Amino acid sequence: MNRSRTGLQLRRLGIAAVGALVAVGVAAGPAAAHAGVTASDPRALAENVTLSFTSEAESDTAGISELRVVLPKGIAPDALTLKDAPKEWKLTATADGYTIGGPALATGTDAEYSVTVRQLPDEDSLAFKTLETYGDGKISRWIEVPTDGEKVDNPAPVLKLKAAAPGAKVIAPSPSPTPSTAAPSAQPSAPVASASARATSEEDAGGGGTAAVVGVIAAVLLLAAAGTVWWVRRNRGQA
C-alpha cells in the first residue's frame with residue numbers, strides 16, 4: 001500500500017516537472033531574440049557617451065541587413081556619430097533618428113554597432129525604438145515601451161539613466177550665424193539722399209533770398225546817388 005502511494009506521488013511529481021519545463025519553454029520562446037542598448041556613462045547630461053546596440057538575429061533563413069532607430073526626445077540625429085559597425089555598414093540620419101545597414105549579415109549573426117552621442121538628455125530612461133530588416137524582407141519591430149513594470153512582447157531597447165553629475169549642464173547649442181550688417185546700412189540710402197536734396201534746396205532758397213535783399217539795397221543806393229546829383233545841379237543853377 002505504501003509503495004503504491006509512493007509511486008503515485010512520484011508520477012505526479014514527474015508530470016508536474018514536465019509541465020513546468022513546457023511552460024518555461026513556451027514563455028522563453030517569444031523572448032528568445034531581442035534588441036538592447038548599453039552606455040559607457042549612463043548618467044543624465046553625460047557628454048561624449050558611447051551607446052552600444054545589439055539586435056539578436058531571429059531568422060533561420062536570412063541575415064540582418066538594416067536597422068532603423070527612432071531616437072528619444074532630447075537626442076537630435078546630428079548629435080551622434082558612428083563609432084563601430086559591421087563591415088561596409090553606414091549610418092544615415094533621418095528626420096527622427098537614423099538608419100544603419102549594408103550587406104546582409106550571415107544568417108544567425110547578431111547585429112552589433114556603437115555610436116557616440118554628444119550629450120545625453122536629462123531623463124530617467126531613454127527608449128530607442130528599433131526596426132530590424134532582414135535580407136529576405138522580413139521586418140522585426142522592437143518598438144513597444146513598457147510602462148509601470150508591465151511586460152510587452154516586442155520591447156524597445158531602453159537605457160536607464162542615473163542622476164546627472166553635480167554641476168552638469170546642458171551643452172549650449174551652436175551659435176547662429178551673425179546676420180550681415182551691410183544690407184541694413186545700405187537701406188537708408190534713399191532717405192539720406194532725400195535729406196541731402198532737401199538741404200540743397202534749402203540752401204538754394206536761402207541764396208535766392210539773399211540776392212533779392214542785395215538787389216533792393218543796390219536800387220536804394222542808386223536812387224540816393226541820383227537824388228544827390230540832382231540836388232547838386234539844382235543848387236548850382238540857382239547860384
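Guide: Welcome! A term to start with: two strands count as paired if DSSP finds at least two bridges between them. The model we are looking at is predicted.

Visitor: Thanks! What does the secondary structure of the chain come to?

Guide: There are three helices and eleven strands. Along the sequence, the order is α-β-β-β-β-β-β-β-β-β-β-β-α-α.

Visitor: Which strand does β3 pair with over six bridges?

Guide: That is β9. Strand β3 covers residues 64-70 and β9 covers residues 129-134, and the two pair in the antiparallel sense.

Visitor: Which residue in β9 is the bridge partner of glutamate 66?

Guide: Look for threonine 133, which is the partner of glutamate 66.

Visitor: And how many bridges join β3 to β6?

Guide: Five bridges join them. Strand β6 is residues 97-101, and it runs antiparallel to β3. For a pair to find on screen, try valine 70, whose bridge partner in β6 is glycine 97.

Visitor: New topic: backbone angles. What is the phi of leucine 45?

Guide: Its phi is near 70 degrees, so a positive value in a residue that is not glycine. Most residues other than glycine have a negative phi.

Visitor: Where does leucine 45 lie?

Guide: Leucine 45 is in the loop between β1 (35-39) and β2 (47-55).

Visitor: Is leucine 45 buried or exposed?

Guide: Leucine 45 counts as buried because its relative accessibility is 10%, and the cut-off for buried is under 20%.

Visitor: What about the phi of asparagine 48?

Guide: Asparagine 48 is not a glycine either, and its phi is positive, at about 50 degrees. You will find asparagine 48 in strand β2. With a relative accessibility of 58%, asparagine 48 counts as exposed, because exposed means over 50%.

Visitor: Now the surface. Which residues gather in a patch of negative charge?

Guide: The patch is made of Glu144, Asp148, Glu150 and Asp153.

Visitor: Where is glutamate 150 in the chain?

Guide: Glutamate 150 sits in the loop between β10 (139-142) and β11 (158-160).

Visitor: What is the relative accessible area of glutamate 150?

Guide: It is 42%, so glutamate 150 is partly exposed. That label covers values between the 20% and 50% cut-offs.

Visitor: Last one: what share of the chain do buried residues make up?

Guide: Of the 239 residues in the chain, 21% are buried. Leucine 45, which we met earlier, counts as buried too.

How values were computed
Residues numbered from 1 in each chain as written. Predicted model: local features only at pLDDT ≥ 70, side-chain atom pairs only at ≥ 80, totals over all residues. Heavy atoms only, no water. Patch = residues over 30% accessible without salt bridge, like charges linked within 9 Å, V, L, I, M, F, W, Y side chains within 5 Å. Areas by Shrake-Rupley, 256 points an atom, 1.4 Å probe, with all protein chains shown as cover. Salt bridge = Lys/Arg side-chain N within 4 Å of Asp/Glu carboxyl O. Lys, Arg positive; Asp, Glu negative; His and termini not counted. Charge placed at Lys NZ, Arg CZ, Asp CG, Glu CD. Helix = DSSP H or I, 4+ residues; strand = E, 2+ residues; numbered from the N terminus. Buried < 20%, exposed > 50% of the residue type's maximum accessible area, 1.4 Å probe, protein only.
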